[in-house]
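Colleague: Before I rely on any labels attached to this model, I would like to hear how each of them was reached. Could we go through them one at a time?

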Amino acid sequence: VNKSDLALIHGWGLGSGVWHTCAGQLESVARIHHVDLPGYGDTPDHGETFIEAAQSALEALPDGVTLCGWSLGGLIALQAALLAPERVARLILVGSTPSFAQREGWTSAQPVSVLTGFTEAVANDPSTTLQRFVALFNQGDTKARAIGREINRGILSSSPAPIPTLLKGLDWLRDIDLREQISAVSCPVLLIRGENDPLMPLPAARWLAEHLP
C-alpha cells in the first residue's frame, strides 16, 4: 500500500517533538515528515521572515504532501499552501486560526496584551515562560498534568529555541493576518479544534469553515 506524505509543523515555543505521541500512531498510515521551523531543533535561524519560513518548510518536502500545522504551524501551513498550491495536496489545521491576535473586526482571538506579556516574560525567563505556556494550552484537559509533564520533560531535555527566535514567533502571531487570502486556498482542509481551547477560540474555526472555498 502506498502511503501518503504527511508533514507535521509545530507551533510556537515547542519543536517537532511535540508531535511525538501522535506521530507514532500515524506512521502506520502515512510517511511522516517532521518540520522544524527556523531556530528549532537542528534548523538554524537566519532571520527568515514569516513568508520565507513557509517557503523553507516546503523545500525538503515531496510534492503532493499533506501539511498538518498546530497553532503557529497552522499559519505557516496556510501560507505555504497559498505560496505553492501545486505542491500541497491537503491541509490539516489543528487549533489554528488565520489571525491569532485580535484586531478590528476580529474578536475571536487573543488580545495583543497577551502577546505583549509573553514577549516580556520570554526576554526575562524563557524556560519558565514555556512551561507556563504549556500549562495554559492544557488547562481544562482531563489529562492536563500528564500531558504537561511529558511536554515539559521534552523542553528540559532539549535545547530550547533561542530567545530571538521565540520573540520573532510572537511578532508573527501578533502581526500575521491571512483572512483576506483564505478564499485563495485551493486544497481540501480539515479543521481540528478543541471546544474549550483557551488559546484559539472555537468561533475562529467556525469562521474558517464558512470562508474556506
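Colleague: Let me begin with a position: in which strand does I32 lie?

Modeller: I32 lies in strand β2, which covers residues 30–35. Please keep in mind throughout that this is a predicted model, and that the values I quote are computed from it.

Colleague: Why is I32 called buried?

Modeller: The relative accessible area of I32 is 18%, and the label buried is given to anything under 20%, so I32 counts as buried. Not counting residues up to four places away in sequence, I32 touches L6, L8, A23, L26 and E27. By contact I mean heavy atoms within 4.5 Å.

Colleague: What makes T21 partly exposed?

Modeller: T21, which is found in helix α1, has a relative accessible area of 45%; partly exposed is the range between the 20% limit for buried and the 50% limit for exposed, so T21 is placed there. As for its position relative to L91, the two residues are 70 apart in sequence and their C-alpha atoms are 20 Å apart in space.

Colleague: How do you know that S108 is buried?

Modeller: S108 sits in the loop between β4 (88–94) and α4, and its relative accessibility of 18% is under the 20% limit, so S108 counts as buried. Leaving aside neighbours within four places in sequence, S108 is in contact with P201, P203 and A204.

Colleague: And why does Q181 count as partly exposed?

Modeller: Its relative accessibility is 35%, a value between the limits of 20% and 50%, so Q181 counts as partly exposed. Q181 is in the loop between α7 and β5 (189–192), where, apart from neighbours within four places in sequence, Q181 is in contact with Q79 and L82. The C-alpha atoms of Q181 and L82 are separated by 7.9 Å, although these residues are 99 apart along the chain.

Colleague: Turning to the rings, how many aromatic pairs does the structure hold?

Modeller: The structure holds five aromatic pairs. One of them joins W12 and F118, whose ring centres are 6.0 Å apart.

Colleague: What makes the pair of W12 and F118 edge-to-face?

Modeller: The centres, at 6.0 Å, satisfy the 6.5 Å limit for a pair, and the planes stand at 75 degrees, which is over the 60 degrees required, so the pair is edge-to-face. W12 belongs to the loop between β1 (4–9) and α1 (20–26), whereas F118 belongs to helix α4 (residues 112–124), so the pair ties together parts that are 106 residues apart in sequence. Both W12 and F118 are buried. Ring pairs also link W12, F118 and F133 into a cluster, and R132 lies over the face of F118, at 4.8 Å from the ring centre.

Colleague: How do you know that F50 and W172 form an edge-to-face pair?

Modeller: Their ring centres are 5.6 Å apart, within the 6.5 Å limit, and their planes are at 75 degrees, over the limit of 60, so this pair too is edge-to-face. F50 lies in helix α2 (residues 50–59) and W172 in helix α7, so the pair ties together parts that are 122 residues apart in sequence. With relative accessible areas of 5% for F50 and 12% for W172, each is under 20% and therefore buried.

Colleague: Why is α4 called roughly antiparallel to α7?

Modeller: The two helices pack at an angle of about 175 degrees, with their axes 10 Å apart; angles over 145 degrees count as roughly antiparallel, so α4 is described that way with respect to α7. The contact involves V112, L115, F118, T119, V122 and A123 of α4, together with I163, L166, L167, L170, L173 and R174 of α7.

Colleague: What makes α2 roughly perpendicular to α3?

Modeller: α2 and helix α3 (residues 72–83) pack at about 75 degrees, with their axes 9 Å apart; the range from 65 to 115 degrees counts as roughly perpendicular, so the term applies to α2 and α3. Among the residues that meet there are F50, I51 and A53 in α2 and L75, I76 and Q79 in α3.

Technical notes:
Residues numbered from 1 in each chain as written. Predicted model: local features only at pLDDT ≥ 70, side-chain atom pairs only at ≥ 80, totals over all residues. Heavy atoms only, no water. Phe/Tyr/Trp six-rings, centres within 6.5 Å; stacked < 30°, edge-to-face > 60°. Helix = DSSP H or I, 4+ residues; strand = E, 2+ residues; numbered from the N terminus. Buried < 20%, exposed > 50% of the residue type's maximum accessible area, 1.4 Å probe, protein only. Lys NZ or Arg CZ within 6 Å of the ring centre and 35° of its normal. Axes fitted to C-alpha atoms, helices over the stretch in contact; angles between N-to-C directions. Parallel < 35°, antiparallel > 145°, perpendicular 65-115°, else oblique.
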